[in-house]
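The report below reads one model from its strand arrangement inward to individual side chains and backbone angles. It is meant to be followed with the coordinates open alongside.

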Amino acid sequence: MKKLLLSLLLSAVCLSGHAQRGNAFNDNTLFWSFNAGATLYQHSGNSDFGVPMAGLYVGRWLMRPLAFRVAADVAMAPSHINTMAGKSDNSLFFMGSAEFMWDVNATFFHVYNKRFLYPVPFYPLIGLGVVYRPGFDALDVFQGPEHDIQAMLGLNIPVQISHHWDLYLEYRCHMFAQDFDGSKGDNFMHAVVLGLNHRVTNDPFRRRTAFETRTNNDDWFVGFGAGLSFSSFEFEYYNNLNARLYNFTPEIMIGRNYSSVWTIRFELSGFIARERAHMVTDVVNDGTSVVERLRNGSWYSFNVLHADFMINLTHLLNFRRGVKWNFLPYLGAGPAWRYQAHPRFDVAANAGFMARRFINNEGDFYIDLKYIIAAPRLAGEAGPSGSVFGVGYPMLTFGYIHNFGHSTTRYRMPVNSTIN
């Protein structure tokens, strides 16, 4: 919880810093919106409708095709626990998330400021946050409050109705943990809402920042790397190699530098990990004394497919020619799944810092340090404190990035220079 709130705070600082204007974003690109609608709550094979669902959002367009917003939602729906008890009483669900909106038309069709955007007006959404359900009474037994990580995928369809207002229809799918609210299977809250969006400027689609990528074919890249990961249970036994919690980890990525500041990538990480190690007591052969020994956890294979939103600190204040090192902190989230022994499908979040070194127009060398936070149920159990935020996978990897097309955003030759 604390890590997520800190991440949101850092994002807000990055989006509002006065010194970054004109490079990280343009002025007059703030917006806020509110909505109301209904939900369909699917849990362990059951489905229940809930009314009302309401949300309040505030955000900023970072560049023409990409916006960031912070969302607060509240819904009323029958809790899974109540449903299993044969009751239809509604419970409150509070959700907060950091979200990104993608303007497909601005990316592929270069449409500006039309009431009905051509050919189809829609903004895909992706977000990560927390969900909280207050405690309540069920069958004369008090059910305590719960909180957990939630991920969101959605679609926003806007129609401009005045100089500063849009009417929009939005679908959102909030994906909860499989054990949240007493559920033992897939856990989704679908929401359909109708809302109003207020734009500070009347011309929201002209948002080209400095050194933004120019064509759809430029600034794409793929990367391959490998390194070391640690199966962390609150970093227990980090200094004990006999626990065998350090493992080899490969990774593969694909992404795009949308501007000199903003990069989006998709990366497949993970592959090998271990469950938690334990100290156990054994009786020696004479039967009169005992000895403690470390029992290793079982091997298991897993993957995390995370979407990462990266900020290039090297060019944040101003694009500088001839600079070969780029430093990119990032936040991400995505699905995580475990294969054998105890198969599971869940949601994971991650944060990290990547340094990439220009080699030539086609290639970069990179170093990537990341921490993937996962639910204890994915790794088998929680750490010593039992915290749901104490299980994760720190990873340090090295690799190569190959760039496709023209690379206009990460490096430009110094003026009057012909030497890399």
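What follows describes a predicted model, beginning with a barrel and then turning to a pocket, two side chains and a few backbone details.

**The barrel and its strand pairs**

Eight strands close into a barrel, taken in the order 1-2-3-4-5-8-9-10, and their pairing is antiparallel. Within this sheet, neighbouring strands are turned against each other by 25° on average when direction is ignored. Three of the pairings are set out in the table, each with one pair of residues that stand opposite each other.

| Strand pair | Bridges | Opposed residues |
|---|---|---|
| Strand 3 (residues 66-78) and strand 4 | 13 bridges | Valine 70 and alanine 98 |
| Strand 8 (residues 146-160) and strand 9 (residues 165-175) | 10 bridges | Alanine 151 and methionine 175 |
| Strand 9 and strand 10 (residues 187-199) | 11 bridges | Leucine 167 and leucine 196 |

Strand 8 and strand 9 also form a hairpin, with four residues between them. Strand 9 therefore takes part in two of the tabulated pairings, with strand 8 over 10 bridges and with strand 10 over 11 bridges.

**The second largest pocket**

Which strands each supply at least two residues of the lining of the second largest pocket? They are strand 4 (90-102), strand 5 (123-133), strand 13 (246-257), strand 14 (262-270) and strand 19 (302-311), and among these, strand 4 and strand 5 also belong to the barrel order given above. The second largest pocket has a volume of about 330 Å³, and of the 17 residues that line it, Trp102, Tyr258, Ile264, Phe266 and Phe309 are the closest to its centre. By residue class, the lining divides into 15 nonpolar residues, one polar and one charged.

**Two buried charged side chains**

Aspartate 308 lies in strand 19, which is one of the strands that contribute to the pocket lining. Is aspartate 308 buried or exposed? Its relative accessibility is 0%, and because buried means under 20%, aspartate 308 counts as buried. The side chain of aspartate 308 has a polar contact of 2.8 Å with the side chain of arginine 265, and another polar contact, of 3.0 Å, joins the side chain of aspartate 308 to that of asparagine 350.

Arginine 199 has its place in strand 10, a strand of the barrel. With a relative accessibility of 4%, arginine 199 likewise counts as buried. A polar atom of the arginine 199 side chain lies 3.4 Å from the backbone oxygen of serine 162. The C-alpha atoms of arginine 199 and arginine 60 are separated by 9.4 Å, although the two residues are 139 residues apart along the chain.

**Backbone details**

The peptide bond that runs from valine 51 to proline 52 is cis, with omega near 0°, and proline 52 is placed in strand 2 (residues 46-63), itself part of the barrel.

Which residues show a positive phi near 60° without being glycine? Glutamate 234 is one of them, and tyrosine 237 is another. Glutamate 234 is found in the loop between strand 12 (232-233) and strand 13, and tyrosine 237 lies in the loop between strand 12 and strand 13 as well. Glutamate 234 has a relative accessible area of 28%, so that glutamate 234 is partly exposed. Strand 13, at one end of this loop, is also among the strands that each supply at least two residues of the lining of the second largest pocket.

Methods. Residues numbered from 1 in each chain as written. Predicted model: local features only at pLDDT ≥ 70, side-chain atom pairs only at ≥ 80, totals over all residues. Heavy atoms only, no water. 1 Å grid on protein atoms, 1.4 Å probe; cavity = no way out; pocket = protein on both sides within 12 Å on 5 of 7 lines; lining within 4 Å. Points joined across faces, edges and corners; volume = space filled by probe spheres on them. Nonpolar A, V, L, I, M, F, W, Y, C, P; charged D, E, K, R; others polar. Pairing = 2+ DSSP bridges. Axes fitted to C-alpha atoms, helices over the stretch in contact; angles between N-to-C directions. Buried < 20%, exposed > 50% of the residue type's maximum accessible area, 1.4 Å probe, protein only. Polar contact = N/O pair within 3.5 Å; in protein donor to acceptor, adjacent residues only side chain to side chain.
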